[in-house]
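Trainee: I would like to learn how to read the features of a protein model with care. Could we go through one together?

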Amino acid sequence: MKLRQILSQSLLIAVVLLLVLSRAIAQNIHWGPDGNSYFQLEENQLVRYTLPSQAREIIVGEKDLTPAGQDALQVRDFTFSQDNKKILIYTNTKRVWRLDTQGDYWVLDLVSKELKQIGKGLPESSLRFAKLSPDGGKAAYVSEFNLYVEDLNGGQITQLTRDGNRRLINGTFDWAYEEEFACRDGFQWSPDSKRISFWQIDASRIRDFYMINNIDSVYSQIVPVEYPKVGESPSPARIGVIELAGNNLTWLNIPGDPQQHYLPRMEWHSPEQLLVQQLNRKQNHSKILALNVVQNTSRLVFEEQDEAWIDVLSSWENVYALTYRHTFQWINDGKEFLWISEKDGWRHLYRIGLDGKETLVTAGDFDVINLLRFNEKENVVYFHASPYNATQKYLYKTRLDGKGKAEKVTPAGLEGTHEYAISTNGKYGFHIFQNHHTRPVSEWLSLPKHQPLDKSEDIASKIPTSRYDSSLEFFKIKTADGTEMDGWMLKPKGFDPKKKYPLVFFVYTEPWGANVKDVFGVGRNRLYEGDMSQDGYIYMSIDNRGTPAPKGRAWRKSIYRKIGRLNISDQAEAAKQIVQWEFVDPERVAVWGWSGGGTATLNLMFQYPEIYKTGISIAAVANQLTYDNIYQERYMGLPQENLEDFVVGSPIYHAKHLKGNLLYIHGTGDDNVHYANSDMLVNELVKHGKLFQLMAYPNRSHSISEGEGTTAHLRKLFTDYLRRYCPPGGR
């Protein structure tokens with residue numbers, strides 16, 4: 001391997017590790033209840049740090065985590081009981097769909113140091129979402145689609161549901177709810193520890209999609225996945241409440257046809273009242289219902305409608321959290337909660353009263369990227385926003401009563417992307433800063449003045465040693481109707497404006513992802529063996545209308561019912577201008593993407609063959625009618641009403657126009673975008689006599705990461721194809 005390739009790969013690995021490490025640190029902070037301390041796992045020990053001194057104390061050591069006659073538990077995650085006298089430890093985990101949400105749980109008594117496994121007698125690594133009761137006396141969990149509760153003193157296990165199976169799911173969710181609503185943890189304790197509420201998903205009416213495993217046996221094995229395709233009615237969901245004293249189950253009366261609605265969010269407000277979000281099938285009408293679990297009645301608290309769709313969550317949120325994220329942030333002694341809505345054209349924070357009264361908290365022409373923390377006593381709320389540059393992110397604050405203006409808290413001069421984790425009392429924060437030429441650097445600080453706790457460890461002192469000589473440039477480009485799109489471009493090393501260089505576009509283009517962000521490593525292509533700029537490529541990405549950039553509701557929702565058209569025409573219109581630049585070789589223009597980006601790659605190659613000469617499409621949706629109902633109906637409507645939009649937005653409809661070089665890659669074990677897309681597309685291309693290359697990775701999932709040698713093979717395949725059909729170097 002050439003030295004420059006080794007150096008490039010080493011840098012890429014370093015970039016990835018820095019990004020992963022910085023995010024992991026921020027997400028692995030468990031704040032103490034008073035906000036003056038936090039807990040972290042370090043070398044399989046639980047450590048408490050006291051702020052502002054950062055005094056370090058080992059709370060749980062290796063010895064405490066070692067059961068009699070066994071090796072020490074390897075802690076994946078942990079939670080404290082409300083009285084902080086017990087710790088629930090999650091270990092021996094297994095992956096379910098996307099995340100390791102199944103494993104074993106142990107309870108450590110911090111006073112007696114007794115370490116005891118819960119769920120004994122149930123299958124190993126079968127427990128999901130275990131949580132201690134608010135009074136600390138019990139634990140509840142799901143195992144094999146049924147709910148259990150266990151008395152921590154006597155060890156008695158009570159099975160609360162008995163009808164659970166792959167098709168009737170108690171306390172957790174089916175594939176579609178998990179993938180599209182980030183619903184995984186499906187039950188909650190009431191505040192008084194007397195009841196448990198839970199979701200039940202009836203997937204019995206959903207047809208199985210059959211994947212085929214041909215590599216683990218000489219006979220093929222069928223792998224069924226209950227997968228509701230677009231146009232199919234959703235899995236009916238209902239919410240039950242179990243009274244633990246008599247193990248009595250009540251199904252809550254929620255108005256509306258369960259098979260034409262979703263119930264994506266639920267949370268206890270008081271021992272007798274639950275708040276539930278109900279969303280209609282088109283996902284453009286949201287209701288917040290207050291449910292009295294004793295009287296079994298419901299009352300409408302808040303509702304909103306949108307001509308396009310209403311986001312339950314956005315791509316700006318951490319959709320891959322293992323545990324349940326609280327939806328309703330309660331204020332004013334539980335009389336109000338905080339809620340995010342785009343009803344005025346921007347993503348804003350509102351106070352919603354249980355009496356239906358609402359107050360706008362964050363007024364202005366900007367988007368609240370996400371709520372971080374609020375402090376009622378100080379009348380302040382902190383959030384991420386970037387009103388003036390959609391590629392960046394900063395810390396802002398405003399008055400919680402809605403009577404103030406948004407103020408930028410991040411100091412001036414640090415242009416780029418900032419991530420914050422803020423303590424429960426709002427007095428301290430962990431801050432990570434990066435941009436395209438600065439590796440992630442971090443500091444601990446005090447708020448509201450944003451002062452480092454240790455001046456010798458502040459970000460300003462770390463930036464000089466974290467700078468990277470990046471040739472990446474950000475730019476803006478306008479469409480004919482005046483729409484301005486952000487983009488980045490990485491020019492070749494030793495760039496000569498008198499030469500013409502090959503151009504490679506990296507695309508996603510759909511409502512669930514944006515590529516143009518001012519973060520470190522943004523211009524790196526992890527599939528390319530070596531350094532694209534060193535080899536003489538121009539590497540570029542542009543975010544079209546419909547991508548989740550903080551540019552307001554109209555920008556994001558202009559793509560409604562137009563996936564495969566508006567996003568593609570925006571990209572092509574920008575490309576038409578760019579290929580006219582003097583240093584771009586219009587005969588060497590390539591495009592690639594994964595998942596939605598793979599779909600965009602196909603559409604660009606088929607709809608605009610005069611621009612895009614080479615394409616590499618990975619795990620693409622070739623036919624929109626093959627994807628799941630929650631995602632596709634949210635952004636495209638119902639095919640029963642507007643089938644033509646689905647048809648003309650699908651790459652397969654335009655496949656007959658292929659002229660360039662196409663490499664299509666897919667895993668046959670993809671449970672997200674099914675390999676059937678490949679068969680359909682291949683059939684259509686063959687029908688029209690189109691030549692292309694296909695790489696099917698046996699039994700690999702959507703990430704195409706499983707199996708020995710897979711990643712190395714994929715990188716070599718990608719690189720060799722690009723170099724062959726879009727040769728590098730200036731001419």
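Trainee: How many positive and negative side chains does the protein have, and how far apart do the centres of the two sets lie?

Mentor: Lys and Arg count as positive and Asp and Glu as negative, with His and the chain ends left uncounted, and each charge is placed at NZ of Lys, CZ of Arg, CG of Asp or CD of Glu. Here there are 85 positive and 88 negative side chains, and the two centres lie 3 Å apart. Please keep in mind that this is a predicted model, in which local features need pLDDT of at least 70 and side-chain atom pairs count only at pLDDT 80 or more, while totals for chains, interfaces and linings use all residues. Residues are numbered from 1 along each chain as its sequence is written, and side-chain values use heavy atoms, without hydrogens and water.

Trainee: How many helices and strands are there in the protein?

Mentor: Helices (H or I, at least four residues) and strands (E, at least two) are DSSP runs, numbered from the N terminus. The protein has 12 helices and 43 strands. Its radius of gyration, taken over C-alpha atoms, is 26 Å, close to the 27 Å that the globule rule (2.2 Å times the number of residues to the power 0.38) gives for 731 residues, so the protein is as compact as a globular protein of that length.

Trainee: Which residues have the most contacts inside the largest nonpolar core?

Mentor: In soluble globular proteins, nonpolar side chains tend to be buried together. A nonpolar core is a set of buried Ala, Val, Leu, Ile, Met, Phe, Trp, Tyr and Cys residues joined through side-chain atoms within 4.5 Å, where buried means under 20% relative accessible area, exposed over 50% and partly exposed in between (1.4 Å probe, protein chains only). The largest core has 48 residues, and those with the most contacts inside it are Tyr177, Phe181, Ile239, Leu252, Leu263 and Leu274. Among the elements that each supply at least two residues of this core are helix H2 (175-181) and strand S20 (261-270).

Trainee: Where is Pro448 found?

Mentor: Most residues other than glycine have a negative phi, and most peptide bonds are trans. Pro448 is in the loop between strand S34 (438-446) and strand S35 (451-452), and the peptide bond joining Leu447 and Pro448 is cis, with omega about 15°. His450 lies in the loop between S34 and S35 as well, and its phi is positive, near 60°.

Trainee: Is His450 buried or exposed?

Mentor: His450 counts as buried, at 7% relative accessibility.
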